[in-house]
Amino acid sequence: MNQSAPGDAILDYDAARQRMVDAQIRPVQINDPRIVAAMRVLPREACVPDSLRAIAYADQSLELGHGRVLTEPRIAGRMVQIGEPQAGQRALVVGAGTGYIAALLARLGLKVVALESDATLSAIGKRFCAAEAPDVVWRDGALAAGASGDSPFDLILIDGAVRAVPSALVEQLAPHGRIVCVIWPEGGVATASIGEASASGLATRPVFDVALPLLPELEPAPAFAF
């Protein structure tokens, strides 16, 4: 169900969505037909403020304020794909923002919890998911704390870059669960990575380089110099 805004009548969002999939999604090896099909119907224009709706399908991340973005389509699709989501699994989206990735996972048949700390973004996300993925459960709270009451999770996806994955999220993984996130070490290159719990902690491996800003809330506190 698309949500209309003034001026929408002059924009063909459905055509823009199909162009997005054909020009941005399929060329970057997003070949899971379930993901492609879901991205053909989910209205990204409903995930941004009205002022950004006309560019909702651009090949870039869109600034939502306070350091947050709606993740670029090809990055969102690839991050979901490397998580190997399976219907019936439990998923947590950390930094769920305006709900696009949470709704995408729900369309793939996962049981999704969306965690967000920004009230403005979560209000948009709750409206979006109510229309497009009503089974998504929203939690308002600190991103680093996760959603222990809903755990364990087979898949945790952090929608934004981090220096390191918070330990609380690792503890909320189910056996053989995985975390998908963008890891951006200080002075290094940001890479979309997949991590699995091991005896020595979270074992991560990079999958592809990516440009995605750090989640402000999960940035480490600056070290004091004396």
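Start with the second largest cavity in this predicted model: its walls are made by Gly67, Arg68, Val69, Asp159, Gly160, Leu212, Pro213, Leu214 and Leu215. About 50 Å³ of space sits inside. Strand E2 and strand E6 (153–162) each bring at least two residues to that lining. Sorted by class, the lining comes out as 5 nonpolar, 2 polar and 2 charged residues.

Now for the largest cavity, with a volume of about 60 Å³. It has 13 lining residues, and Val69, Leu70, Ala96, Thr98 and Asp159 are the ones nearest its centre. Strand E2 (68–70) turns up again here, and along with helix H4 (100–107) it supplies at least two residues of the lining. In fact E2 gives the most, with 3 residues. This lining splits into 6 nonpolar, 5 polar and 2 charged residues. A search of the whole structure for cavities of 30 Å³ or more finds 2.

Next, have a look at Arg178, which sits in strand E7 (residues 173–183). What does a buried arginine without a salt bridge have around it? The nearest side chain of opposite charge belongs to Asp154, 5.3 Å away. Backbone oxygens are within reach, though: the Arg178 side chain gets to that of Asp154 at 2.8 Å and to that of Glu84 at 2.9 Å.

Elsewhere, charged side chains do pair up, and the count comes to 11 salt bridges. One of them joins Asp22 and Arg40, at 2.7 Å from N to O. Asp22 belongs to helix H1 (residues 13–25) and Arg40 to helix H2 (residues 33–41), so this pair ties together parts 18 residues apart in sequence. Both ends are partly exposed, with Asp22 at 44% relative accessibility and Arg40 at 22%.

Another salt bridge runs between Arg107 and Glu132, with the closest N and O atoms 3.0 Å apart. It also links distant parts of the chain, going from helix H4 to helix H5 (residues 119–132) across 25 residues. Here Arg107 is partly exposed at 37% relative accessibility, while Glu132 is buried, with a relative accessible area of 6%. There's also a network in which salt bridges with shared partners join Asp14, Arg17 and Glu45.

Finally, Arg53 forms a salt bridge with Asp50, and their closest N and O atoms are 3.8 Å apart. Arg53 is buried, with a relative accessible area of 5%, whereas Asp50 counts as exposed at 52% relative accessibility.

Definitions and conventions:
Residues are numbered from 1 along each chain as its sequence is written. This is a predicted model: local features need pLDDT of at least 70, side-chain atom pairs count only at pLDDT 80 or more; totals for chains, interfaces and linings use all residues. Side-chain values use heavy atoms; hydrogens and water are left out. On a 1 Å grid over the protein atoms alone, a cavity is a set of points where a 1.4 Å probe fits but cannot get out, and a pocket is an open set with protein on both sides within 12 Å along at least five of seven lines; lining residues have an atom within 4 Å of a point. Grid points are joined across faces, edges and corners, and a volume is the space filled by probe spheres set on the points. Helices (H or I, at least four residues) and strands (E, at least two) are DSSP runs, numbered from the N terminus. Ala, Val, Leu, Ile, Met, Phe, Trp, Tyr, Cys and Pro count as nonpolar, Asp, Glu, Lys and Arg as charged, and the others, Gly among them, as polar. Buried means under 20% relative accessible area, exposed over 50%, partly exposed in between (1.4 Å probe, protein chains only). Lys and Arg count as positive and Asp and Glu as negative; His and the chain ends are not counted. A salt bridge is a side-chain nitrogen of Lys or Arg within 4 Å of a carboxyl oxygen of Asp or Glu. A polar contact is a pair of N or O atoms within 3.5 Å; within protein, one must be able to donate a hydrogen and the other to accept it, and residues adjacent in sequence count only if both atoms are side-chain atoms.
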